[in-house]
Amino acid sequence: TLMNNYGQGISTVGMVDMQTDMRRHTGARLLDAIKKLFRKKSIEPPMLAYIEDTNAYRYQDTRITNFTAIIANKMANKTLGESDLDVIGEGDRTEYVRKALDSFWINAKNAVSTAYGIGGCAVVPYLYGDRMYCSMVPGNQFFITSMAGAEIMSCAVKCDERRTRYHTYSRIADHSVSGNVYTIINKVVDENNAEHPMSVVEDWASIPEQVVITGVDRLPVAYIKCPSNPRRPLRPEGVPITYGCKEVLDDIANTLIEYRKEYELKRTFVGVDQTVVDKDGEMPRGGLFKKVLTNGGKVGTGSPMEVYSPDLRQIAYHERLMDLYALLENQIGTSSGILTKQESSNATATEIKQANLDTKSMVALMQRELDRAIDTIAYAAELYADVYGVRGESPEVNISWDMSLWESSAETFSQMVQAAALDAIDATEIRSFITGESREEAEEAVKKIKAENPTTEQIFGI
């Protein structure tokens, strides 16, 4: 086995067969289609597309105990928690942007867990009628074809797939920005990368083959990337959170298999002495036995039956699994509490914060990715609002991140009260923190409370 430039093992046997398999593989096939349809190449080599597809299949595998999916889901829960997305403003334009962002936010958990599990997730705006919605595209179906620094300038996306009796059709879109012009080109190919008109699938017939929008300053396509370090160049799409952890994942899987076998072999059973059975190994067909010979055939030393129920080697297997879980947590860069039990008894708030530092750091990095993605989605919504003539002032978009896992609510409330006394924040923010209301709802409630409970100065006009 050789190691390629991307840290993956390659068997030296049947290299030609592997290359043929790569051409048939979804990722490699999509790269061929992009090159043929749009005359563009992905920044990443074909081998990486093959690897990313493999990572995606592993994450999506529901036949096994999937630890990548378990970790991705738990990290997504910690990233989002009970966070709120607020679109503040009034008018048709605010409502247009709010609905566009809502189409993303209701699926944000899936997008974040996909980013952790596969390496990244693209959020691609699309139009249905005059409304903008967001499509979540896993990283193995998103190909960056041009970048300027860390900014994506053009990309190709597998948007949809439909299967008929004889063919599998894929709709691929090329998104690019040149100057201040944003261009979308839609194409359809079959499983052999033969091009077809959009009308080959009835639902796609109304989708224009080309859309051109002027007056843009960036690509209105968001990409949420897993914060894990790829440790290799040419990985702009990111890597799964369990990247490079194959050995410990295999050890965990093997230990679980041994544990299951040990349990099956040590099931409780009722054993009877050999003197109870006849020469053919059968129990007598009649009669009641008040006592049987046991303990080597010595009369009077046994009981009518012996129960054989040895203890499982539970402690050994449990400790082995806990060690492997802890090793995996260290490898992926999180604190304990993802797979292992987090010890928090008798710990102070400061100690709990320190114990969660690694996980909190990774969550903060993912939240930064989400901040950028939401900013891009809001920008796209404003762009399409202009296209359809939706007037009004641009709304303010805020994310209230749930910090309850990392901070004491009582401590935070005390800090907010002190800040309000110094006029650093207002009562609206405090009410929103306590009740979980949006800023607009909290503001209306505070106004109502103040109107119903006027101060002495207000009563006497002082």
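A salt bridge is a side-chain nitrogen of Lys or Arg within 4 Å of a carboxyl oxygen of Asp or Glu. With that in hand, here's a headline for this structure, which is a predicted model: a search of the whole structure finds 13 salt bridges. Below, we look at some of them, then at a helix crossing, a nonpolar patch on the surface, two residues with an unusual backbone angle, and a couple of long-range neighbours.

**Salt bridges around R93**

- Let's start with R93, which sits in a salt bridge with E382, where the closest N and O atoms are 2.6 Å apart.
- R93 belongs to helix α5 and E382 to helix α10, so this pair ties together parts that are 289 residues apart in sequence.
- R93 has another partner too: it forms a salt bridge with D386, and here the closest N and O atoms are 2.8 Å apart.
- This pair also links distant parts of the chain, with R93 in helix α5 and D386 in helix α10, 293 residues apart.
- Put the three together and you get a network of salt bridges linking R93, E382 and D386.
- Are these residues buried or exposed, or something in between? R93 has a relative accessible area of 7%, so it counts as buried, because the cut-off for buried is under 20%.
- E382 comes in at 15%, so it counts as buried as well.
- D386, at 42% relative accessibility, counts as partly exposed.

**A salt bridge between D160 and R162**

- The side chains of D160 and R162 also meet in a salt bridge, at 3.3 Å from N to O.
- D160 is partly exposed, with a relative accessible area of 23%.
- R162 counts as partly exposed too, at 28% relative accessibility.

**How α6 and α10 cross**

- Helix α10 turns up again here: it covers residues 357–387, and its axis comes within 12 Å of the axis of helix α6, residues 108–118.
- At what angle do the two axes cross? They cross at roughly 120°.
- That makes α6 oblique to α10, because angles from 65 to 115 degrees count as roughly perpendicular and those over 145 as roughly antiparallel, and this one falls into neither range.
- The crossing of α6 and α10 is right-handed.

**A nonpolar patch on the surface**

- Which residues make the nonpolar surface patch of about 340 Å²? They are F413, V417, F433 and I434.
- Two helices are behind it: α11 (409–421) and α12 (427–435) each supply at least two residues of the patch.
- Take F413 as an example: you'll find it in helix α11.
- With 33% relative accessibility, F413 counts as partly exposed.

**Two residues with a positive phi**

- A bit of background first: most residues other than glycine have a negative phi.
- N193 isn't a glycine, yet it has a positive phi of about 65°.
- You'll spot N193 in the loop between β9 (181–189) and β10 (195–196).
- N193 has 9% relative accessibility, so it counts as buried.
- D423 is another non-glycine residue with a positive phi, this time near 60°.
- Where is D423? Look in the loop between α11 and α12, the helices that supply residues to the nonpolar patch.
- D423 is exposed, with a relative accessible area of 69%.

**Far along the chain, but paired up in space**

- D92 and E393 are 301 residues apart along the chain, and their C-alpha atoms are separated by 8.9 Å.
- D92 is found in helix α5, residues 92–105, the helix that also holds R93.
- D92 has a relative accessible area of 60%, so it is exposed.
- T334 and I241 give another example: they are 93 residues apart in sequence and 9.9 Å apart in space, going from C-alpha to C-alpha.
- T334 is in the loop between α8 (314–332) and α9 (349–355).
- Is T334 buried or exposed? At 3% relative accessibility, T334 counts as buried.

Key:
Residues numbered from 1 in each chain as written. Predicted model: local features only at pLDDT ≥ 70, side-chain atom pairs only at ≥ 80, totals over all residues. Heavy atoms only, no water. Patch = residues over 30% accessible without salt bridge, like charges linked within 9 Å, V, L, I, M, F, W, Y side chains within 5 Å. Areas by Shrake-Rupley, 256 points an atom, 1.4 Å probe, with all protein chains shown as cover. Helix = DSSP H or I, 4+ residues; strand = E, 2+ residues; numbered from the N terminus. Buried < 20%, exposed > 50% of the residue type's maximum accessible area, 1.4 Å probe, protein only. Axes fitted to C-alpha atoms, helices over the stretch in contact; angles between N-to-C directions. Parallel < 35°, antiparallel > 145°, perpendicular 65-115°, else oblique. Left-handed = near helix turned anticlockwise from the far one by under 90°.
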